[in-house]
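Let's walk through this structure together, starting with how its strands pair and moving on to what lies at its centre. Keep the view open as you read.

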Amino acid sequence: MAGKLLDYNLLVENALRGAVREALKRAAEFGLPGNHHFYVTFRTDQPGVEIPPYLHERYPDEMTIVLQHQFWGLEPGEDKFQVTLSFNKVPERLVVPYAALTAFADPSVQFGLQFRVQPSAESLARGAALAEAALASDTDKPAGDKAGEQAGEPSGEPAKPATGEVVALDAFRKKKT
């Protein structure tokens, strides 16, 4: 229980989500100065995320939005933010909990953060079904035509589906020498 109480990585991530919240609050109040713009990536399958069904169908797991010139009604709250963006010239209101964020970046100042977010059970099941279908279709191919093999050079094991990689925040910190 003590380890869970002092999960420093989680504490730091929550603090950094607070920095995102503060950046969004300043942008809502004062606008984005100069070349500042935000790339916000979030899990669309997380509780509290509200996006139109056609966007959820197109982005069932993760979506990146850009807050730069054409966004309206940015409302950063304590646990989530809301914003209106245009998709094919149709304004759509999005609601995104900070807990669903996987990345935040302001390329104008080379600033970026990545967060760990556990995929929902639905997303994991969908991924497993896709991997299983890919492996099943792979076994239907003639020898030498399977993924991961070149003609005449069997790999000896089936191709494994690509998996995402979690990048620790330490990877972005400068080391003191």
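Strands S4 and S5 run antiparallel to each other, and their pairing takes in 8 bridges. You can pick out one of these pairs by finding leucine 85, whose bridge partner in S5 is glutamate 92. Bear in mind as you look that this is a predicted model. Follow the chain to the hairpin of S4 and S5 and you will find 2 residues between the strands. Here asparagine 88 has a positive phi, near 50 degrees.

Now turn to the pairing of S4 with S3. This one is antiparallel too, over 4 bridges, and glutamate 75 sits opposite glutamine 82 of S4. The hairpin that connects S3 to S4 does so through 3 residues.

From the strands, let's move to the core. Nonpolar side chains in soluble globular proteins tend to be buried together. In this model the largest nonpolar core has 26 residues, and those touching the most other members are Phe42, Ile65, Leu67, Phe81, Val83 and Leu101. Two or more residues apiece come from helix H2 (8-30) and from strands S1 (38-43), S2 (62-67), S3 (71-76), S4 (80-87), S5 (90-97) and S6 (101-106). Which element gives the most to this core? It is S4, with 4 residues.

To finish, centre your view on phenylalanine 81. Setting aside neighbours within four places in sequence, its contacts include Leu24, Val40, Ile65 and Leu101. Phenylalanine 81 also meets Leu74, Glu75 and Pro76, along with Leu94, Val95, Val96 and Tyr98.

Terms used:
Residues numbered from 1 in each chain as written. Predicted model: local features only at pLDDT ≥ 70, side-chain atom pairs only at ≥ 80, totals over all residues. Heavy atoms only, no water. Core = buried A, V, L, I, M, F, W, Y, C linked by side-chain atoms within 4.5 Å. Buried < 20%, exposed > 50% of the residue type's maximum accessible area, 1.4 Å probe, protein only. Contact = heavy atoms within 4.5 Å. Pairing = 2+ DSSP bridges.
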